[in-house]
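Me: Could you take a close look at the aromatic rings in this protein with me? I would like to see where they sit and how they pair up.

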Amino acid sequence: MSRITSAFENKKAFIAFVTCGDPDLSTTAACVRSAVENGADLIELGIPFSDPTAEGPVIQGANLRALTGGVTTDKIFDLVRELRKDVGVPMVFMTYANVVFSYGAERFFSTCREIGIDGLILPDLPYEEKEEFQPLAHKYGIDLISLIAPTSENRIAMIAKEAEGFLYIVSSLGVTGTRSEIKTDLQSIVEVVRQNTDIPCAIGFGISTPEQAARMAGISDGAIVGSAIVKLIEKYGQEAPAHVGGYVRKMKDALEAVSFI
């Protein structure tokens, strides 16, 4: 069983996102460890990019702070090497296709395997163009994680049938960011996913409260939270790890209260 599969086994998974290098890599490492200690089942590590088209202002700001602070892909690889000494949960990268291209795709994927990365999310990679990276992902045992958006409609079944790792279901149109309410008919999307794959699916974009997380996990197999965590890191800086841990604990408690469908 892969690490990603085990993250969803017999539980609703809480997936935490952090931007690597915001405000610095040592704080990122401490936030990851604090999140895991408090129940995070899977960690998404954002590799900063200068033009993060899927991100709202909160994560855009984190990208800018990290890049201004001098973070590089190689430094992030070193961070993961260090984390893997004691962090056993699955970790996936979330970044943009140009980051992989500019690093060298084969070198990127081979290094991911070497350091213990389980998957890769590229929000600017259309499903129809995934062959650009999929052969290398398969060669090095990295799950290329697909996104399903409210606009995917008749493509949902097609994307689900070829899904790897887990499916990232985007809750709302637009960019990342917390939302007061989520109005998309996610139940219908998940039903199509369930008809076409046994791969777990988790819902992200806009989730910030325990109530929202529980509602999303009630529909799917887990909840993904990014902007709310990044806001805590922006607010507290190097003091953020304890606050991130407390927040993750509340979110995970909410998910643990959700009964399985």
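Reply: Happily! Let's begin with a pair of residues that share a setting: Tyr-168 is buried, and Phe-205 is buried too. Buried here means under 20% relative accessible area, while exposed means over 50% and partly exposed lies in between (1.4 Å probe, protein chains only).

A quick word on what you are looking at: this is a predicted model, in which local features need pLDDT of at least 70, side-chain atom pairs count only at pLDDT 80 or more, and totals for chains, interfaces and linings use all residues. Residues are numbered from 1 along each chain as its sequence is written, and side-chain values use heavy atoms, with hydrogens and water left out.

Now for the pairs. A search of the whole structure turns up eleven aromatic pairs. Rings of Phe, Tyr and Trp (its six-membered ring) pair if their centres lie within 6.5 Å; planes under 30 degrees apart count as stacked, over 60 as edge-to-face and the rest as tilted. Take Phe-8 and Phe-166: their ring centres are 5.8 Å apart and their planes meet at 40°, so this pair is tilted. The two residues come from distant parts of the chain, 158 residues apart. Phe-8 is in the loop between helix H1 (3–7) and strand S1 (13–19), whereas Phe-166 is in the loop between helix H8 (156–161) and strand S7 (167–170). Helices (H or I, at least four residues) and strands (E, at least two) are DSSP runs, numbered from the N terminus. Phe-8 has 8% relative accessibility and therefore counts as buried; Phe-166, at 0%, counts as buried as well.

Back to Tyr-168 and Phe-205: their ring centres lie 5.9 Å apart with the planes at 90°, so they form an edge-to-face pair. Tyr-168 belongs to strand S7 and Phe-205 to the loop between strand S8 (201–204) and helix H10 (210–219), so the pair ties together parts that are 37 residues apart in sequence.

Elsewhere, Phe-77, Phe-93, Phe-101, Tyr-103, Phe-108, Phe-109 and Phe-133 make up one aromatic cluster. One of these rings has a charged partner: Arg-107 lies over the face of Tyr-103, 3.8 Å from the ring centre. A charge sits over a ring if NZ of Lys or CZ of Arg is within 6 Å of the ring centre and within 35 degrees of the ring normal.

Finally, step back to the whole chain. The protein chain has twelve helices and nine strands, and buried residues account for 59% of its 261 residues.
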